[in-house]
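Okay, everyone, let me put this one up on the screen. Have a look at it while I talk you through a few spots.

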Amino acid sequence: TDPTRPPWIASPTRHRADPGLQAILVDGPRRLALIDGRLLGLGARFAGARVVAIHRHSVWLSDGARRRELTLLKGAGVRKTPFWAGGRP
């Protein structure tokens, strides 16, 4: 088995309490979130909840009575650095 493979891919039949936020794609005004292998936009329904907000590092789901936040890399400080800093490569 591949030790770098995320657990939700390694054993997709295993039940998890919280959905897994895998990626967030932002292209201008268009925002999409990859949750448990499904690509979802604002207003999409997932596991009985609706996607109500997509930010750079988190997604908010609402089922009417409550809201919950899914985040990328919980507890880890993400430091972004440019691949190429100025000029031409």
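So, start with Phe 46: standing opposite this residue is Ala 49, over in strand 5. Keep in mind that this is a predicted model. The two strands here, strand 4 and strand 5, pair in the antiparallel sense, over two bridges.

Now zoom out a bit. In what order do the four strands of the open sheet run? The order is 4-5-6-7, with antiparallel pairing. At the edges you've got strand 4, residues 45-46, and strand 7, residues 67-71, and each of those pairs on one side only.

Okay, on to the inside. In soluble globular proteins, nonpolar side chains tend to be buried together. Here, the largest nonpolar core has 12 residues, and our pair from before, Phe 46 and Ala 49, is among them, along with others including Leu 21, Ile 35, Val 59 and Leu 70. Which elements give two or more residues to this core? Those are strand 1 (21-27), strand 2 (30-35), strand 5 (49-54) and strand 6 (58-62). Strand 5 gives the largest share, three residues.

Last stop: charges. How many salt bridges does the structure hold? Just one. Asp 63 makes it with Arg 66, and the closest N and O atoms are 3.6 Å apart. And is Asp 63 buried, exposed or partly exposed? Asp 63 has 40% relative accessibility, so we call it partly exposed; buried would be under 20% and exposed over 50%.

Okay, that's my tour. Over to you.

Technical notes: Residues numbered from 1 in each chain as written. Predicted model: local features only at pLDDT ≥ 70, side-chain atom pairs only at ≥ 80, totals over all residues. Heavy atoms only, no water. Core = buried A, V, L, I, M, F, W, Y, C linked by side-chain atoms within 4.5 Å. Buried < 20%, exposed > 50% of the residue type's maximum accessible area, 1.4 Å probe, protein only. Pairing = 2+ DSSP bridges. Salt bridge = Lys/Arg side-chain N within 4 Å of Asp/Glu carboxyl O.
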